Amino acid sequence: GETSAARSILEFNTRAFRDSSWANWSLAEALRASGDRAAAIAAYRAYQRAEPTDPDSAKRIAALERQR
C-alpha cells in the first residue's frame with residue numbers, strides 16, 4: 001500500500017543521498033510512525049552518526065527503547 005511505497009522511497013533516498021542526514025531523519029520518523037521500532041532506531045542511529053550534536057535523535061531512540 002501507500003505506507004510500503006513511502007518507505008521504499010525514503011529508503012531509496014538514504015541510498016541515493018548518502019550525505020544527507022535529513023534522508024535518515026525522514027526515514028526514521030516514518031518508521032517510528034508506522035510502529036517499526038527496530039528499523040526506526042537504526043535509522044535514527046544513522047542520523048546520529050551524521051549529526052552527533054542533535055539531541056532530538058537521542059531522545060527519540062530512548063523513547064523507542066523504553067517501549068520494548
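Let's start at Asp19, which sits in the loop between α1 and α2. This is a predicted model, by the way. Is Asp19 buried or exposed? With a relative accessible area of 81%, Asp19 is exposed, because anything over 50% counts that way. Now look along the chain to Ala50: 31 residues separate it from Asp19 in sequence, yet their C-alpha atoms are 8.0 Å apart.

From that loop, step back into helix α1, which covers residues 2–16 and includes Ala6. Ala6 has 37% relative accessibility, so it counts as partly exposed. Its C-alpha atom is 9.1 Å from that of Leu27, a residue 21 places away along the chain.

How do the helices on either side of the loop sit against one another? The axes of α1 and α2 come within 8 Å, and they cross at roughly 155°. That angle makes α1 roughly antiparallel to α2, and the crossing is left-handed. On the α1 side, the residues that touch are Thr3, Arg7, Leu10, Glu11, Asn13 and Thr14, and they meet Ala23, Asn24, Ser26, Leu27, Ala30, Leu31 and Ser34 of α2. Sort the residues of this contact by class and you get five nonpolar, six polar and two charged. Leu10 is worth a look of its own: setting aside neighbours within four places in sequence, Leu10 is in contact with Ser26, Leu27 and Ala30.

Next, follow the chain onward from α2. Helix α2 spans residues 21–34 and helix α3 spans residues 37–50; the two pack at an angle of about 160°, with their axes 8 Å apart. So α2 is roughly antiparallel to α3 as well, and here too the crossing is left-handed. From α2 come Ser21, Asn24, Trp25, Leu27, Ala28, Glu29, Leu31 and Arg32, while α3 brings Ala39, Ala40, Ala43, Tyr44, Ala46, Tyr47 and Ala50. This contact has 11 nonpolar, two polar and two charged residues.

There is one more partner for α2. Helices α2 and α4 pack at an angle of about 25°, with axes 12 Å apart, which means that α2 runs roughly parallel to α4. Once again, α2 passes α4 in a left-handed crossing. Trp25, Glu29 and Arg32 of α2 make the contact with Asp56, Ser57, Arg60 and Leu64 of α4. By class, the residues of the α2 and α4 contact are two nonpolar, one polar and four charged.

While you're at α4, find Lys59, which lies in that helix. Lys59 has 56% relative accessibility, so it counts as exposed. Thr14 is 45 residues away from Lys59 along the chain, and the C-alpha atoms of the two are separated by 21 Å.

Finally, what sits inside? In soluble globular proteins, nonpolar side chains tend to be buried together. Here the largest nonpolar core has 12 residues: Leu10, Trp25, Leu27, Ala28, Leu31, Ala40, Ile41, Ala43, Tyr44, Tyr47, Ile61 and Leu64. The elements giving two or more residues to this core are α2, α3 and α4, the last of these running over 55–66. Which element gives the most to this core? That's α3, with five residues. Some names here will be familiar by now: Leu10 and Leu27, both in the core, also meet where α1 packs on α2.

Conventions: Residues are numbered from 1 along each chain as its sequence is written. This is a predicted model: local features need pLDDT of at least 70, side-chain atom pairs count only at pLDDT 80 or more; totals for chains, interfaces and linings use all residues. Side-chain values use heavy atoms; hydrogens and water are left out. Axes are lines fitted to C-alpha atoms, for helices over the stretch in contact, and angles run from 0 to 180 degrees between N-to-C directions. Helices (H or I, at least four residues) and strands (E, at least two) are DSSP runs, numbered from the N terminus. Angles under 35 degrees count as roughly parallel, over 145 as roughly antiparallel, 65 to 115 as roughly perpendicular and the rest as oblique. A crossing is left-handed if the near helix is turned anticlockwise from the far one by less than a right angle, and right-handed if clockwise. Contact means heavy atoms within 4.5 Å. Ala, Val, Leu, Ile, Met, Phe, Trp, Tyr, Cys and Pro count as nonpolar, Asp, Glu, Lys and Arg as charged, and the others, Gly among them, as polar. A nonpolar core is a set of buried Ala, Val, Leu, Ile, Met, Phe, Trp, Tyr and Cys residues joined through side-chain atoms within 4.5 Å. Buried means under 20% relative accessible area, exposed over 50%, partly exposed in between (1.4 Å probe, protein chains only).
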